[in-house]
Amino acid sequence: MKMRMPRSVSLLLCVAGCLQLITFMAAQNTVATVDLSSSEITSSTDTGSQHFIAVHGRKSVVMGYPASGLEVWAYPLQIVSDYQVSFLPSDQTQPISGASLLQRVEYRPDEVIRTYVGDDFVVQERIFVPLDEPGAIFSYQAEGRRDISVQIQFHPSLNLMWPGALGGQSTQWNEKKSGYSISEPLHGFSAVIASPEATLHDPNGNRTIQPSGDNALKAMVLKPRVQTDGTRAASVFIGYNPPHTEPDDAIIQRLERQEAALRKTAVKHYNDLLANTLQIETPDSELNRALRWSIIALDQAWVCNESLGCGEIAGYGPSRAGRRPQYAWFFAGDGLVATDALVAAGEYARAREELAFITKYQDKSNGMIWHELSQSAALIDWKNKYPYMYVHVDITFDYLASFANYVRVSGDTEFLKANWNNIQMAYTYCESLIDSPTGLPSIPLGREGGNEQDRMRDDLGLSSSWVTASSSFAQMARIMGSPKADLAERAASTARASIARGNWDSTHNYWLAGHTISGQPIYDQRPSPSGILSQGVFSPQQTAEALDQLASPNFQTDWGTRSMSSLSLRFDPNSYAAGSVSALGSSVVANTFWQQDRPLTAWQIWSSLIPWSTLDARGHIHEVLAGDFYHPQIESVPEQTWSSAGFLHAAVNGLLGLNIESGKNHLSFSPHLPAQWNELSIGNVRAGESVLHLQIKRDSTGIEAKIESSGDTLSFTFNPEIPLGAAIEGATLISSSKDKTRLEVHSEAHEQDQHASVSFPVAKGITTCRIAYSGGVQVGVNSTHPQIGTSSSGVKVKTVHLDENILTVDTWVRSGGDQILTLSTVWKLASVEGGAITQSALGMYAIRVDAAKSQSADATNPYVPAKIIVKFDKAERPKINH
């Protein structure tokens with residue numbers, strides 16, 4: 001079962017355009033292609049045997065943990081499992097296990113390179129999966145003083161993905177193909193594992209006493225051939241042949257003869273991907289790489305099944321019992337999360353394809369959107385014999401939200417018109433679940449909401465999704481000229497009022513999660529649905545109380561937000577859904593804090609996810625980590641698509657504050673630059689017919705946006721975060737025609753952040769806007785980089801408040817941890833209480849929070865509250881040269 005995340009309301013408020021992901025050369029207003037082997041993209045580890053690897057294509061994947069062997073899939077079939085390599089030097093009789101020699105793994109978008117180091121030899125293994133062929137290529141290059149033979153062994157499988165199964169498979173050595181042929185008689189499936197360099201192989205075994213265990217493995221010994229450069233090379237080709245389409249060795253011939261062209265195609269594909277999608281260039285190279293890989297992860301999750309079609313799968317992880325790779329099949333809910341991220345990256349065509357794929361399998365009898373679809377579904381009675389396809393009621397609500405978001409951002413009203421009947425059916429299904437007295441949805445018996453672990457009568461997450469879904473339907477209905485728009489808006493209003501009356505737990509100052517089937521209230525404090533705080537449901541005081549609790553160490557770790565408060569009775573830090581830390585859940589919570597004008601806490605939560613991209617499968621993000629110590633939770637999937645999607649979506653929607661309405665030809669840009677950054681560049685922002693490049697620079701006297709547009713004039717709102725307490729002195733605009741004008745600028749002051757807002761037209765060419773201000777202060781916090789097995793120790797920020805010349809920062813700290821806050825200000829410091837301050841640079845200070853003077857920590861909660869009070873002398877200001 002998968003832990004589902006209720007839809008955050010941020011999906012209505014988001015999202016973004018296409019931000020190009022290759023290096024943006026701001027000075028020349030050009031883009032430069034990224035070398036896939038460069039450090040900007042490639043990630044490597046010198047402890048490779050402990051890390052998951054996956055090499056992806058549209059039709060195949062090679063994946064696994066090296067120590068336990070790899071599996072090769074050509075959807076919907078597992079071709080082989082337990083693929084392992086060993087090496088036999090010419091003067092030895094016993095092969096040496098590759099796992100014991102593996103020293104380095106290099107992760108590239110198009111291939112994975114593993115390096116094995118023996119006493120006097122080195123073997124490099126390159127694992128490659130073509131984009132659009134059902135097969136894989138393993139290439140070996142050996143160097144050293146002795147001749148080295150390569151032995152591969154594997155279990156032949158040729159069997160369907162869970163829960164399907166085949167029988168009657170036969171594995172035979174084929175001398176002509178120089179490899180093993182696997183065949184299955186009923187459907188005509190076949191596959192080949194071959195090598196031109198094979199010199200030895202296991203005999204075909206028709207024996208009375210059959211081998212078992214490792215002796216059941218098939219093996220080949222390869223004798224690498226000497227190349228012109230003196231190295232020795234060998235290759236293994238693994239390919240699947242769809243039934244009755246071509247000779248069973250056709251795929252192997254294509255892989256062997258076209259290998260160079262297939263590799264070139266893959267490299268070009270990823271270069272084009274990175275050259276035409278999201279490009280966020282920040283001062284943090286580790287963050288830049290994590291964002292690039294989020295784009296790559298979404299692309300690598302796009303899978304084509306010959307019977308079902310193409311769509312986003314939920315992720316990649318080793319197969320469990322019954323050939324059940326976690327989660328290399330289709331989930332509509334995961335696909336909708338991916339759709340929102342694709343829209344954020346400006347990949348409108350792929351987002352449209354994913355929505356079409358999800359719509360294709362809608363239950364036409366009632367409008368319900370499906371939950372999951374196994375890759376073997378076309379060969380079994382998936383819909384009627386298995387209880388998985390139409391079980392989650394919440395996904396239909398999310399479908400409406402994602403569809404509306406796509407239409408609003410892309411402006412693709414033709415797609416809306418083509419699918420209007422399906423959308424109306426989905427909305428009718430949602431309406432059928434509404435309880436008349438409350439105006440809120442109930443979960444029918446035998447169905448589930450977003451929470452798979454508890455059987456609930458009603459779920460606050462589902463109620464929040466109804467608010468979003470009805471508002472989303474109203475937006476689309478207005479475009480279609482339907483009278484249902486007003487009714488849907490009234491339904492959203494009724495739901496908000498009903499939630500406000502019945503879902504606030506005043507005893508714990510937190511929302512009520514819902515009720516069990518028997519009607520008992522559920523008091524578990526979970527971070528979802530944090531997006532409800534942006535729906536105007538609760539009072540400002542209630543919203544602040546919930547946010548304060550969410551910011552606390554009861555929820556927050558150094559690596560993200562726990563799925564349940566540590567104070568809850570059912571909290572278990574090693575539970576998949578009751579205490580672990582979810583990457584998607586953390587991204588949603590961070591986005592909520594940005595929407596609620598608490599950017600420091602938002603940044604702290606979201607940036608804690610950056611190290612996840614190098615924790616296991618390099619570039620990819622795990623599903624969940626443990627809630628007490630930094631390590632993957634035991635059930636977690638190493639490459640979880642929605643983890644990468646959530647991380648990317650929060651960057652665009654929250655950190656950058658990009659909000660595009662192509663139908664209205666409008667773009668708003670509300671960036672939240674953390675204290676340690678003074679610049680940012682973004683390429684290929686797509687709004688309507690315009691493509692824009694944005695560049696932000698700031699100093700102590702103001703912030704400037706440089707906007708280059710290639711299209712027609714659009715309306716632009718620049719609404720950046722500025723230092724708290726800054727006095728706005730004006731705004732100027734230099735248009736593409738070089739005219740310089742003054743703009744009316746508005747200050748938007750909130751409790752914990754401040755923005756300056758200006759609006760102006762952007763025409764083709766370069767437009768520059770500068771907002772001038774004086775004074776102010778910005779608080780920062782150091783990013784955490786936890787080590788495997790460590791517990792949380794970094795400072796947690798609760799609130800930031802400036803009253804005249806007094807800055808108060810409420811935190812939680814742990815003795816011995818990293819308790820450093822930073823201040824950026826031109827004001828002179830008069831005094832500091834609650835910590836020791838040092839000046840790190842002109843206008844930059846570091847404050848070490850004093851935990852010793854705070855309340856004593858108990859054994860169950862090592863964190864204690866701590867308050868920093870800084871007084872400024874605003875009359876004096878350091879002289880800073882610019």
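Which backbone oxygen lies 2.8 Å from a polar atom of the side chain of serine 498? Hello everyone, let's start there. It is the backbone oxygen of threonine 438. Before I go on, please keep in mind that this is a predicted model.

So, where does serine 498 sit? Its place is in helix H13, which covers residues 484-502. Is serine 498 buried or exposed? With a relative accessibility of 8%, serine 498 counts as buried, because buried means under 20%. Setting aside neighbours within four places in sequence, serine 498 is in contact with Thr438, Leu440 and Asn503. Thr438 in that list is the residue from my opening question, the one whose backbone oxygen lies 2.8 Å from the serine side chain.

Next, a helix you can check with simple arithmetic. Helix H5 runs over residues 285-300, and that makes 16 residues. At 1.5 Å a residue, H5 should span 22 Å. Its end C-alpha atoms are 22 Å apart, so the expectation and the model agree. Now look at the surroundings of H5: 13 of its 16 residues are buried, so the helix is largely enclosed by the rest of the structure. At the start of H5 there is also a polar contact to find, where a side-chain oxygen of aspartate 284 comes within 3.0 Å of the backbone nitrogen of glutamate 286.

Let's turn to a sheet. Here is the background: strands of a sheet pair through backbone hydrogen bonds, either parallel or antiparallel. Our example is an open sheet of three strands, in the order E31-E34-E35, with antiparallel pairing. Why do E31 and E35 each have one side without a neighbour in the sheet? Strand E31 (456-459) and strand E35 (521-522) stand at the edges with a single partner strand each, so one side of each is left free of a neighbour there. Strand E34, residues 514-516, is joined to E35 by two bridges. If you want to find one of those on your screen, look for histidine 515, whose bridge partner in E35 is proline 521. Helix H12, residues 460-479, packs on this sheet and touches E31 and E34. The direction of H12 makes about 45 degrees with that of E31.

Now for the cysteines. How many disulfides does the structure hold? The count is one. It is formed by cysteine 304 and cysteine 310, with their sulfur atoms 2.1 Å apart. The link is right-handed, with 110 degrees about the S-S bond. Cysteine 304 is buried at 17% relative accessible area, while cysteine 310 is partly exposed at 29%. Two other cysteines to look up are cysteine 430, buried at 0%, and cysteine 769, also buried at 0%.

My last stop is arginine 698, in strand E44, residues 690-699. Its relative accessible area is 11%, so arginine 698 is buried. What does the side chain of arginine 698 reach at 2.7 Å? That is the backbone oxygen of tryptophan 677. Beyond its neighbours within four places in sequence, arginine 698 has contacts that include Leu673, Pro674, Trp677 and Tyr773. Leucine 673 is 25 residues away from arginine 698 in sequence, yet their C-alpha atoms are 9.5 Å apart in space.

Thanks for listening, and do go and find these residues in the structure yourselves!

Terms used. Residues are numbered from 1 along each chain as its sequence is written. This is a predicted model: local features need pLDDT of at least 70, side-chain atom pairs count only at pLDDT 80 or more; totals for chains, interfaces and linings use all residues. Side-chain values use heavy atoms; hydrogens and water are left out. Helices (H or I, at least four residues) and strands (E, at least two) are DSSP runs, numbered from the N terminus. Buried means under 20% relative accessible area, exposed over 50%, partly exposed in between (1.4 Å probe, protein chains only). A polar contact is a pair of N or O atoms within 3.5 Å; within protein, one must be able to donate a hydrogen and the other to accept it, and residues adjacent in sequence count only if both atoms are side-chain atoms. Contact means heavy atoms within 4.5 Å. The expected span of a helix is 1.5 Å times one less than its number of residues. Two strands pair if DSSP finds at least two bridges between them. Axes are lines fitted to C-alpha atoms, for helices over the stretch in contact, and angles run from 0 to 180 degrees between N-to-C directions. A disulfide is a pair of cysteine sulfur atoms within 2.5 Å.
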